[in-house]
Structures are given as structure tokens and as C-alpha cells.
Amino acid sequence: MVKTVALVDGYSTARHLPEEFHRYGVDVVHVPSSPEIPEILRPSFRPDSYDAELPYAPADETAARLAAYEDVRVIAGAESGVRFADRLCELLGQEWNVSVLSDTRRDKFEMIRALQQAGLPTAEQIKSGSPEEIVAWSRTQRDWPIVVKPPHSSSSEDVYFCHNAADIQAAVTRIVGKVNFLGLRNDTAVAQSFLEGPIYVVNTVSLDGRHLTTDAWCFEFVPGTHERRGGSGITFTDHYLITPDSDVLEPLIEYNERALDAVGIRNGPAHNELKVTRDGPRLVETNARLMGATIESGPFRKVLGDTQPELTAMAMCDPDGFRDRLRRPYRPTRHLKIMWVHFPADGVITDDAGCRRLERLPSFAGYFGAPRVGDAVRPSTDTTGRGGFVYLLHSDADVVEADAARVGEWIDGCALFDVRPESAAVL
């Protein structure tokens with residue numbers, strides 16, 4: 001029986017986990033994987049949620065401290081904690097995810113190579129710190145763009161869509177040597193063939209190698225984002241739950257579960273980004289942690305019955321209950337669309353009265369993570385969701401779509417906030 005959970009880097013949506021573990025009477029200890037919280041994750045940390053907090057120490061020292069707790073289990077919270085959590089599990093002798101495959105769960109090159117070795121179709125790829133080597137490889141590919149990105153970053157940071165050799169040279173030069181969002185230095189860059197098709201996300205929770213799909217989404221983005229010459233990042237407009245009658249759902253789940261097996265994910269949550277190409281699903285990347293950016297329990301429970309954090313706690317603290325839950329397939333009861341709020345330029349919010357018009361929409365279910373008056377804003381080129389998320393929920397898909405069209409107009413027309421232009425606003 002689990003009595004204590006050590007949550008490594010409880011940032012981003014992992015802030016929801018302590019509450020779920022506490023429902024089972026389990027104590028939660030926060031464990032940092034680095035001396036400083038990465039700046040981008042700092043606002044999401046809730047230290048008051050924990051029963052104890054360990055100071056940063058190397059993995060062997062941290063494992064020795066955790067060994068003093070009775071029936072302790074380790075789990076990663078944010079992406080920054082995945083490798084450290086794997087190492088702690090190994091030192092504590094805990095069977096969690098396959099330890100020898102730890103690199104495949106963080107390094108985007110090793111990840112895809114693991115799938116190839118398992119016989120799964122994937123993008124073509126190369127990893128190198130040399131722009132010239134990547135350019136030479138690109139000449140063996142049939143189509144442009146070529147995607148160039150760091151091997152260990154997150155939130156679509158420094159993901160470039162390159163249309164010629166000069167773009168590749170520039171992208172690799174920007175990536176290699178840079179310290180990324182998570183405080184890691186990029187020693188190399190990964191280049192991959194572009195996967196043409198819609199972006200999907202499949203979130204899961206696993207127990208002893210059995211995988212449960214908790215929620216599945218289609219992500220929509222500003223048309224042409226990936227075609228920006230040498231451009232970095234994707235500007236998402238919204239994501240919506242896939243319904244069980246979708247033709248893509250079963251192939252996505254089948255491919256995704258094989259991908260989880262290939263990278264050694266046997267327990268805990270996973271967040272998996274895929275494309276559905278004309279030849280079928282292909283993995284973009286998998287992450288051995290919760291879905292990032294936004295998981296609001298109220299709307300999620302109304303539509304799905306439970307959340308990925310809730311099911312993560314159940315798998316760890318009530319495995320028999322989770323095995324029963326495995327028998328129930330993924331089946332949303334209503335339609336849910338989440339709109340991403342963006343800003344066209346740097347500035348400071350001076351008024352948010354326009355947000356009140358959202359409350360009159362029939363499907364409005366909340367605006368979460370909204371910036372406040374006085375906050376600095378900037379255009380989005382990553383998936384951190386700094387502008388917040390408008391949730392639209394209804395039993396009628398047409399109502400959701402009509403409301404989404406209006407919200408999209410308000411976002412594009414800067415009608416939700418008054419913003420004073422300010423060059424290079426400090427965030």
C-alpha cells in the first residue's frame with residue numbers, strides 16, 4: 001500500500017496531483033530535480049499543497065532521504081522531472097517504467113529510434129550538432145519542410161520548419177549551444193522529415209503495462225504556421241475532444257499503445273502527440289507525464305467523468321479500482337472545445353471588461369489561466385498557453401462550434417482585453 005508519493009517537479013498541470021493523492025490519505029513530498037525551478041514553470045508551483053518538501057540534492061542523496069519514508073513511490077510531475085524520477089526509481093529498486101529506456105522518454109531522437117526498432121512507422125531523422133551534416137542529410141529527403149528542434153526541450157520551444165539549406169543552417173545555429181526552457185544546454189539538434197496531417201494528442205494512464213486512454217484531442221492551429229520561412233513554433237487556436245465515432249480514434253489508440261510499449265512506459269501518465277498522415281498515425285513525441293498547459297477538473301469531469309490526474313492517483317493508490325476502470329472505454333458524454341487566447345504584439349493589459357461577453361455564450365464553461373490587468377503579454381510561439389484558455393462545453397456540437405467562431409473573432413479582434421503597446425514587455 002502506498003503511503004507516501006514523491007512528486008518530482010510538481011509544476012504545470014502536476015499541481016493537480018497532490019489533491020488527488022490526498023483523497024486516498026497519501027502524503028505527498030515534493031522533490032526538485034534542479035537547484036532552481038525553470039522560470040517558465042515557476043508560476044505554477046504550489047508549495048502549500050505538499051506535506052513536505054525536500055531540498056535539491058543529487059539523485060543518490062535524494063534517494064537515501066526518500067528511503068526513510070514508509071511505502072514511498074516516485075512519480076514525475078513536469079517534463080523537467082522525468083529523468084530524475086526514473087533515476088530515483090532505479091536507486092530505490094522500484095519497478096515503474098523500463099529504466100534502460102529512460103533516454104527514449106526524453107530524447108526526441110532516441111524516442112523515434114525506439115519506435116523504429118519496434119517496427120512502427122515514423123518520420124525519418126538525424127541528430128547532429130553540425131549544420132552542414134544536417135543539410136547534407138536533408139538532400140536525401142523527398143519533401144520540404146524539414147523540422148529542426150532541440151532533443152530535450154518542451155512546449156514546442158525552438159521547433160523550426162525549414163524550407164531550404166539556409167533555413168536549416170540558421171535553425172541549427174540557434175538551437176545548438178542555447179540553454180532551453182528547462183535549463184538544459186542543447187548540444188545537438190534533431191532534424192526530421194515533416195509529417196503532413198492533423199495534430200492529435202492522446203493522453204493515457206498506465207498500470208503494469210496496460211494503458212488507459214483518458215482523453216484524445218485534435219489540435220487546430222493558425223493556417224500556414226509551419227510554412228513561415230524559418231519560423232519557430234506553432235500557434236494553436238483550439239483543441240477539441242475526439243468523439244468515439246471518429247474514424248481516427250481506434251487507429252490512434254492502437255498505434256499510441258504500441259509507441260508507449262516501445263519507449264518503456266508501463267506505469268503512470270503519458271502525454272502523446274501524433275500526426276495522422278495519409279499512411280496512418282505517426283508519433284511526434286511522447287512524454288512520461290501529464291498533459292501540460294491546462295487540465296481543469298470541473299469541465300473535464302462533466303465530459304469525461306474523471307481526469308488524467310485523478311486516474312493517475314487511482315492507478316497508484318487503488319490499483320484494483322483502476323483495473324476495473326480499464327474495462328470502461330473512452331467515451332465523452334458532451335462536446336468540449338478549448339480556445340487558446342493569443343495577443344498580436346507585446347504590451348500590457350489595461351482592462352479586461354471584454355471578457356465578460358464570454359459569460360453570455362450558451363456553452364461557456366470558464367476562462368482559465370487568464371492574464372490580469374497589469375500583466376505583460378506577447379505573441380505566442382510555443383504551447384505554454386500564457387494567454388489562458390476559454391472552455392466551451394455543450395451537448396450540442398453545433399452550439400459549441402457557433403460559440404467557438406465568436407470567441408475566435410473576439411480573440412483575433414483583440415476584443416477581450418485592452419492592451420497598451422509596449423515594446424519588449426517584461427514577462
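**Helix α11, three loops and a pocket**

In this predicted model, the elements that cover the buried residues of helix α11 include the strands β14 (335–340) and β18 (389–394). The residues of α11 that are buried beneath such cover are Val 400, Asp 403, Ala 404, Val 407, Gly 408, Trp 410 and Ile 411. Viewed down the helix axis, these buried residues fall within an arc of 160°, so they line one face of α11. An α-helix has 3.6 residues a turn, so residues three or four places apart point the same way. On the face turned away from the buried side, α11 carries the exposed residues Asp 398, Glu 409 and Asp 412. The length of the helix can be checked as well: at 1.5 Å a residue, the 16 residues of α11 (residues 397–412) should span 22 Å, and this agrees with the 22 Å between its end C-alpha atoms.

The loop between α11 and β19 (418–421) holds Cys 414, whose phi is near 55°, a positive value in a residue other than glycine. Because its relative accessibility is 39%, Cys 414 counts as partly exposed. A positive phi, near 50°, also occurs at Asp 208, which is placed in the loop between β9 (199–207) and β10 (210–221) and, at 44% relative accessibility, counts as partly exposed. In the loop between α5 (131–138) and β6 (146–149) lies Pro 145, and the peptide bond leading to Pro 145 from Trp 144 is cis, with omega near 0°.

The second largest pocket has a volume of about 530 Å³. It is lined by 17 residues, of which Arg 142, Asp 143, Ser 193, Phe 194 and Leu 195 are the closest to its centre. By class, the lining divides into seven charged, five polar and five nonpolar residues.

Methods. Residues are numbered from 1 along each chain as its sequence is written. This is a predicted model: local features need pLDDT of at least 70, side-chain atom pairs count only at pLDDT 80 or more; totals for chains, interfaces and linings use all residues. Side-chain values use heavy atoms; hydrogens and water are left out. On a 1 Å grid over the protein atoms alone, a cavity is a set of points where a 1.4 Å probe fits but cannot get out, and a pocket is an open set with protein on both sides within 12 Å along at least five of seven lines; lining residues have an atom within 4 Å of a point. Grid points are joined across faces, edges and corners, and a volume is the space filled by probe spheres set on the points. Ala, Val, Leu, Ile, Met, Phe, Trp, Tyr, Cys and Pro count as nonpolar, Asp, Glu, Lys and Arg as charged, and the others, Gly among them, as polar. Helices (H or I, at least four residues) and strands (E, at least two) are DSSP runs, numbered from the N terminus. The expected span of a helix is 1.5 Å times one less than its number of residues. Buried means under 20% relative accessible area, exposed over 50%, partly exposed in between (1.4 Å probe, protein chains only). The arc is that of the directions from the helix axis to the C-beta atoms. Contact means heavy atoms within 4.5 Å.
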